[in-house]
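Student: I would like to know how the words used for a protein model are justified. Please take me through them one at a time.

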Amino acid sequence: MANYTLPDLRYDYAALEPHISAQIMKLHHDKHHRVYVKGANEALEQLAEARRSNDFGRISQLEHALAFNVSGHVLHSIFWQNLSPDGGGQPDGVLAQAITRDFGSFDAFKAQLTHAATTIMGSGWAALCWDPIGRRLVTTQIHDHQSEITQAGVPIMVLDAWEHAYYLQYQNEKAKFFDAVWNLWSWADIAARYQVAQRIDLGLDQVVEARV
Ligand code: MN
């Protein structure tokens, strides 16, 4: 069985300064993200052990640990690739058209996603997700790593709102972090994820009205 592994960043720790400090990037990637990779692999081992020993009373707790850690691993992996030293500005092409179709305008989308991040209670993420059933873009708050995500929704753009993502640099002024990150979005990466997500077909066409 394949184990989860920590991917390297595609840029230097200091590459996102001044918006995100090298100190935060190094700790966030090398320490925080690594813990989720380790936790995911440990949960898999413990699940196998619980099955071998018929200890099914532990399964739900271990499944929760697996979901928490794998989701943390996936979200951080997307987040690093969503960001770029050459990022910022606005998307173009089909992603820009989809954002306008589903949110009215880029500015409305920006305000909605930023508000989702700012108003999370406790630890979590704000995400732009593709809903492959309704075939629309939606924003979602994600509590911790996995709760309240839109069912079947595919995150294509994620914003870490845990305190470890900003506290060393922005302290209690998290709104400044959520503002600064708009200088870093790699729209090329987000557009590529949007294109891939378009291909998802859950075979549930009958649960929505056909779009006219
Ligand atoms: Mn994080």
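Tutor: Start with a definition: buried means under 20% relative accessible area, exposed means over 50%, and partly exposed lies in between (1.4 Å probe, protein chains only). The model is predicted, so local features need pLDDT of at least 70 and side-chain atom pairs count only at pLDDT 80 or more, while totals for chains, interfaces and linings use all residues. Residues are numbered from 1 along each chain as its sequence is written, and side-chain values use heavy atoms, with hydrogens and water left out.

Student: Why is Pro7 called partly exposed?

Tutor: Pro7 has a relative accessible area of 28%. Partly exposed lies between the 20% and 50% limits, so the label fits. Pro7 is in the segment before α1. Contact means heavy atoms within 4.5 Å, and Pro7 touches His29, His33, His73 and Ser77, with residues up to four places away in sequence not counted.

Student: What makes Asn54 count as exposed?

Tutor: The relative accessibility of Asn54 is 58%, and exposed means over 50%, so Asn54 counts as exposed. Asn54 sits in the loop between α1 and α2 (59–82). Its phi is near 55°, a positive value in a residue other than glycine.

Student: Why is Ala152 called partly exposed?

Tutor: Ala152 has 34% relative accessibility, which falls between the two limits, so it counts as partly exposed. Ala152 is found in the loop between β2 and β3, and its phi is near 70°, again a positive value in a residue other than glycine.

Student: How do you know how many helices and strands the chain has?

Tutor: Helices (H or I, at least four residues) and strands (E, at least two) are DSSP runs, numbered from the N terminus. By that count the chain has seven helices and three strands. Along the sequence the pattern is α-α-α-α-β-β-β-α-α-α.

Student: What makes the chain as compact as a globular protein of its length?

Tutor: The radius of gyration is taken over C-alpha atoms, and the globule rule is 2.2 Å times the number of residues to the power 0.38. The chain has a radius of gyration of 18 Å, close to the 17 Å that the rule gives for 212 residues, so the chain is as compact as a globular protein of that length. Buried residues make up 44% of the 212 residues.

Student: Why is strand β1 described as largely enclosed?

Tutor: Eight of the eight residues of β1 (residues 124–131) are buried, so β1 is largely enclosed by the rest of the structure. Gly124, Ala126, Leu128 and Trp130 point one way, whereas Trp125, Ala127, Cys129 and Asp131 point the other way. In a regular strand the side chains alternate between the two faces of the sheet.

Student: How do you know that β1 pairs with β2 and with β3?

Tutor: Two strands pair if DSSP finds at least two bridges between them. β1 and β2 (residues 136–143) have eight bridges, in the antiparallel sense. Six bridges join β1 to β3 (residues 154–160), also antiparallel. Both counts meet the minimum of two, so β1 pairs with each of these strands. The bridge partner of Trp130 in β2 is Leu137, and in β3 it is Val154.

Student: What makes the peptide bond before Pro18 notable by its geometry?

Tutor: The bond from Glu17 to Pro18 is cis, with omega near 5°. Pro18 is found in the segment before α1 (22–52).
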